[in-house]
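Colleague: Could you take a close look at one part of this model and walk me through it carefully, with its surroundings and the backbone details included?

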Amino acid sequence: MQLTGVQARRAPRAVAVAVLLCVIAHPRPIAAQLVPTARPPALATPDTRLAESRLAASRLDQALAPDARAAVAAQLAAAARAGVPAEPLVAKALEGVELGAPPPRIVTAVGALYDRLVAARTALTPVVSDAELVSGADALAAGVPAVALRRVRASSPNRSAAVALGVLAQLVARGVPATRATDAVTALLRRGARPQQLVALDSAVRTDVASGVPAAAALEARARTLTGGLLLAPGGAPGVTTTDAATQSAGPPRHHP
Amino acid sequence: MMPNGSPVPDDERRDPALERAVAALRPLPPSSADAVARVVAAAERGAVLQRQRRARRAATWRVAGALGAVAAGLALLVVVRRPLDRPTADRPIAAHATSERPPTLANDIRPVDTVRPGTPVLVARASVGATDAPQLVTFRLDRPRASAVTVVGDFNQWNAHATRLARDANGAWTAVVPLTPGRHAYRFVVDDSLRVLDPRAPAERDAELGVARSVVVVGVP
């Protein structure tokens, strides 16, 4: 290929411009590789929630006695107005039916869950997903105070806190004081711990507790090990997989009487 | 005698090589200034042409190099993109697990294929890229003498007939269920009547309904 002097000088620039145009024309596939999409699904609109609640109520028609059905349907409508999902309330009612619980108890259980969902919604505002509302309600049932939910929200402002709240509920249910459990979970969130790492932490603490270690001590030791392996990310950026040395356990924490 | 007519210096007269050169050149006719000028001009033109050829070759290689880099970049995009598009179904992640020896965080994340028989498992396989996408979770109950086992939970509306487990040759009943990340409650129903908790999972008591149920927290990689 023979080029004149001017063409030879301009050719590399032309190629570079062509490449840039290709990148601009196809930003999605290239950007998708560079920045994985991590946006959770959008929350349902009030109209959608109302339609969902009616559909959910219809599923209880065959399962509940008329009085209980009307009471639960009223709760479902209230849930739609309050912006909380109806599905967990229906599941609670159906669980009661499956267990053969008396209708008044089912209605009470659904009402209590509704109250917790509303409280969770208040504490977790801005809500990222329905799943975290359910986990938040479970955490409140386990004894986690609402202020702890707010702290978790603050530590995970743009990502769903469903897993973190689920782990928090488990830790508190296992006997870890709520404040210490919240401190540990929020600290790990701020350092970029992934949901799966939190789940593994909970599993490790559970096994330590089964071995006789006090829950708080087990959490402290396991959280320290996990923290030591996480890259510090004050901005909340996702952390990197821990090193082998950091994830290897030295055995269950020893309790010194 | 020198070409300009001056006598040869004494020291040069004694150099045999010089004397031979002088002897060889003396018979030649005098050089023409015009001829010399033409030769010099031709040499200069040749040098210019050579420089121009070198410059063109360099430009050609620059363009070829740029095109090659573009092609390599595009090929890299295609190669790198393909694995990200495919769900990594072969990357199992433990939702929770217990074992007889103290577990480590790394041990909780183990491939399903290497889990020893009898080791309690509740393993999730994850796909890449979504934070709330359902994760596959394996439920397992060891009941060799049971004729039917199902799992009921908040993920199937507590329907005792929705999710049946399959029995393997060792009498272990298993089922793989997609669960959204978060906390889930469940129970096993054995032979359509007996409700049992998962011996390998933590349990909680539902205060309102007054019953116990097993709990699993499903994570996201």
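**A loop and the strand before it**

Modeller: At 48% relative accessibility, Asp192(B) counts as partly exposed, because the value falls between the 20% and 50% limits that separate buried from exposed residues; please keep in mind that this is a predicted model. Asp192(B) sits in the loop between β7 and β8 of chain B, and its phi is positive, about 65 degrees, although the residue is not a glycine. Most residues other than glycine have a negative phi. Asp191(B) is found in the loop between β7 and β8 (194-196) of chain B, and it too is a residue other than glycine with a positive phi, near 55 degrees. With a relative accessibility of 34%, Asp191(B) is likewise partly exposed.

Strand β7, which comprises residues 182-190 of chain B, leads to the aromatic part of the picture. Over all chains, the count of aromatic pairs comes to three. In one of them, the ring centres of Phe139(B) and Tyr186(B) lie 4.8 Å apart and the planes meet at 70 degrees, so this pair is edge-to-face, the angle being over 60 degrees. Since Phe139(B) belongs to strand β3 (residues 135-142) and Tyr186(B) to strand β7, the pair ties together parts of chain B that are 47 residues apart in sequence. Phe139(B) is buried, its relative accessible area being 0%, and Tyr186(B) is also buried, at 0% relative accessibility. Tyr186(B) forms a further edge-to-face pair with Phe188(B), at 5.9 Å centre to centre and 80 degrees between the planes. Phe188(B), again at 0% relative accessibility, counts as buried. Together with Phe155(B), the residues Phe139(B), Tyr186(B) and Phe188(B) form one aromatic cluster. The strand thus carries the buried Tyr186(B), whereas the loop that follows holds the partly exposed Asp191(B) and Asp192(B).

For context, chain A has 13 helices and zero strands. Of its 257 residues, 47% count as buried, and among the contacts in chain A with a separation of 6 or more, 66% come from residues 24 or more positions apart. The accessible surface of chain A is about 12400 Å², with 61% of it belonging to carbon and sulfur atoms. Chain A has a backbone detail of its own, a cis peptide bond that joins Thr125(A) and Pro126(A) with omega at about 0 degrees, although most peptide bonds are trans. Pro126(A) is placed in the loop between α6 (103-123) and α7 (130-142) of chain A.

How values were computed. Residues are numbered from 1 along each chain as its sequence is written. Chains are lettered from A and ligands numbered from 1 in the order in which they are written. This is a predicted model: local features need pLDDT of at least 70, side-chain atom pairs count only at pLDDT 80 or more; totals for chains, interfaces and linings use all residues. Side-chain values use heavy atoms; hydrogens and water are left out. Rings of Phe, Tyr and Trp (its six-membered ring) pair if their centres lie within 6.5 Å; planes under 30 degrees apart count as stacked, over 60 as edge-to-face and the rest as tilted. Helices (H or I, at least four residues) and strands (E, at least two) are DSSP runs, numbered from the N terminus. Buried means under 20% relative accessible area, exposed over 50%, partly exposed in between (1.4 Å probe, protein chains only). Contact means heavy atoms within 4.5 Å. Accessible areas come from the Shrake-Rupley method with a 1.4 Å probe; for residues, only the protein chains shown count as cover.
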